[in-house]
Amino acid sequence: MELNLLNDAETELLRSMIAEATNIVICGHRSPDGDAIGSSLAWMHYLYHIGKSNVKVCMPDAAPDFLHWLPGQNSILRYDRKPKEVAQAFKEADLVCCLDFNQSSRVDAMQDVLESSEGSRLLIDHHLEPESGCKMTISRPDMSSTCEIIFRLIHQLGGYDTMTEPCAECIYCGMMTDTGGFTYNSTRPEIYYIISQLLAKGINKDEIYNRVFHNYSTNALRLRSYIILNKMNVIEELHAAYFTVTKEEMSRFHFIKGDMEGLVNIPQQIKGLKLSISLREDTEKPNTVLVSLRSCNGFHCQPMATRFFNGGGHADASGGKLNCTMEEAEQLCIKAILYYKEELK
Ligand code: 5GP
Ligand code: MN
């Protein structure tokens with residue numbers, strides 16, 4: 001099975017960037033998901049293992065509760081909690097690894113410290129349209145996840161034999177979450193070969209699934225059910241659905257980070273649906289609406305995310321952000337759906 005992603009010159013470049021680095025920072029995007037955290041921690045475990053003792057994982061903010069079990073999670077430095085420590089880490093870094101994001105704006109408030117770092121920049125990601133200016137860019141939108149890329153890189157660098165179980169757990173977690181438990185973006189045979197290689201390291205895949213996907217509080221499940229029952233609008237003739245979630249509704253169900261994760265996928269269970277949109281008020285920033293988009297059945301939501309919602313992402317899983325009221329966001333959402341009505345019909 002062909003797992004190598006890099007040619008000889010690229011492999012040498014990656015090797016030398018790692019060899020020359022003493023202080024390494026690994027960072028991921030705002031509201032890090034299983035792939036951002038999984039890939040960052042797996043890369044950290046690998047770098048530790050090959051003798052890099054000063055590796056720091058820095059994230060803009062918290063990961064949801066269902067990822068807190070990941071090995072190494074306790075060592076993550078959060079910019080919203082420890083801005084000075086994070087700024088210092090970026091300042092001292094001679095290598096900055098940007099994982100699972102394509103634009104530095106995706107790290108939100110941490111953008112300035114990232115951009116002012118003088119360390120060589122290594123981007124490892126699977127989103128469309130990576131930004132330029134990195135010393136090395138490993139951008140593979142054809143891969144299921146950044147974790148899949150990380151596995152392949154470690155493998156190519158000769159690190160599979162000594163890969164530890166914690167490292168394998170982190171990689172599996174990100175591959176699993178970015179494919180919805182291997183239900184989308186996961187048809188290539190190599191993915192299952194990689195899984196077999198991770199299982200050989202002793203990971204318990206069923207337990208990982210339970211930890212991540214069966215971790216709702218009663219309130220969270222009630223919030224999700226409430227949204228689908230009361231807030232989901234379906235435009236049958238355009239095969240599109242959207243829902244809005246306000247701060248008031250979230251506080252009514254004692255919302256905590258992660259409670260809404262993946263809910264945007266649920267309307268896709270409607271036969272023939274092409275587009276699902278979630279509009280959610282940001283609980284931290286006023287007048288901010290977070291947008292999530294999912295598409296299937298031949299429609300691709302990424303251009304819509306860019307054109308209407310200041311965002312982007314993958315062809316069929318995108319997101320964005322609006323600075324407006326929920327009423328305005330809803331109007332824009334309807335406008336966006338109508339703009340693509342010929343493709344959605
Ligand atoms: P989610 O709906 O899970 O928050 O995000 C789905 C995908 O959309 C993410 O993997 C990410 O690639 C992309 N995405 C989410 N928010 C933004 C954003 O604000 N800007 C851009 N460019 N992409 C986003
Ligand atoms: Mn990802």
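This is a short dialogue about ligand 1 and the two domains of a predicted model.

Student: What makes His127 one of the residues that surround ligand 1?
Tutor: The cut-off is a heavy atom within 4 Å. In this model 13 residues surround ligand 1, and His127 is among the closest, with Ser292, Arg294, Ser318 and Gly319.

Student: How do you know that arginine 294 makes a polar contact with ligand 1?
Tutor: A polar contact needs N or O atoms within 3.5 Å. A polar side-chain atom of arginine 294 is 3.0 Å from an oxygen atom of ligand 1. Therefore the pair counts as a polar contact.

Student: What part of glycine 319 lies 3.0 Å from an oxygen atom of ligand 1?
Tutor: A polar backbone atom. The protein buries 78% of the 500 Å² that ligand 1 exposes when taken alone.

Student: Which strand gives the largest share of the shell around ligand 1?
Tutor: S12, with four residues. Strand S10 (289-295) and strand S11 (312-313) each supply at least two.

Student: Why are three residues of the shell called charged?
Tutor: Because they belong to the set Asp, Glu, Lys and Arg. The rest of the shell is nine polar residues and one nonpolar.

Student: How do you know that the shell draws on domain 1 and domain 2?
Tutor: Each domain gives at least three residues to the shell.

Student: What makes up the contact between domain 1 and domain 2?
Tutor: The domain centres lie 27 Å apart. The contact takes 14 residues from domain 1 and 12 from domain 2. About 1000 Å² is buried between them, and carbon and sulfur atoms give 49% of that.

Notes:
Residues are numbered from 1 along each chain as its sequence is written. Chains are lettered from A and ligands numbered from 1 in the order in which they are written. This is a predicted model: local features need pLDDT of at least 70, side-chain atom pairs count only at pLDDT 80 or more; totals for chains, interfaces and linings use all residues. Side-chain values use heavy atoms; hydrogens and water are left out. A polar contact is a pair of N or O atoms within 3.5 Å; within protein, one must be able to donate a hydrogen and the other to accept it, and residues adjacent in sequence count only if both atoms are side-chain atoms. Accessible areas come from the Shrake-Rupley method with a 1.4 Å probe; for residues, only the protein chains shown count as cover. Domain bounds come from an automatic or database domain assignment. Contact means heavy atoms within 4.5 Å. Buried area is the accessible area (1.4 Å probe) that two parts lose on being put together, summed over both.
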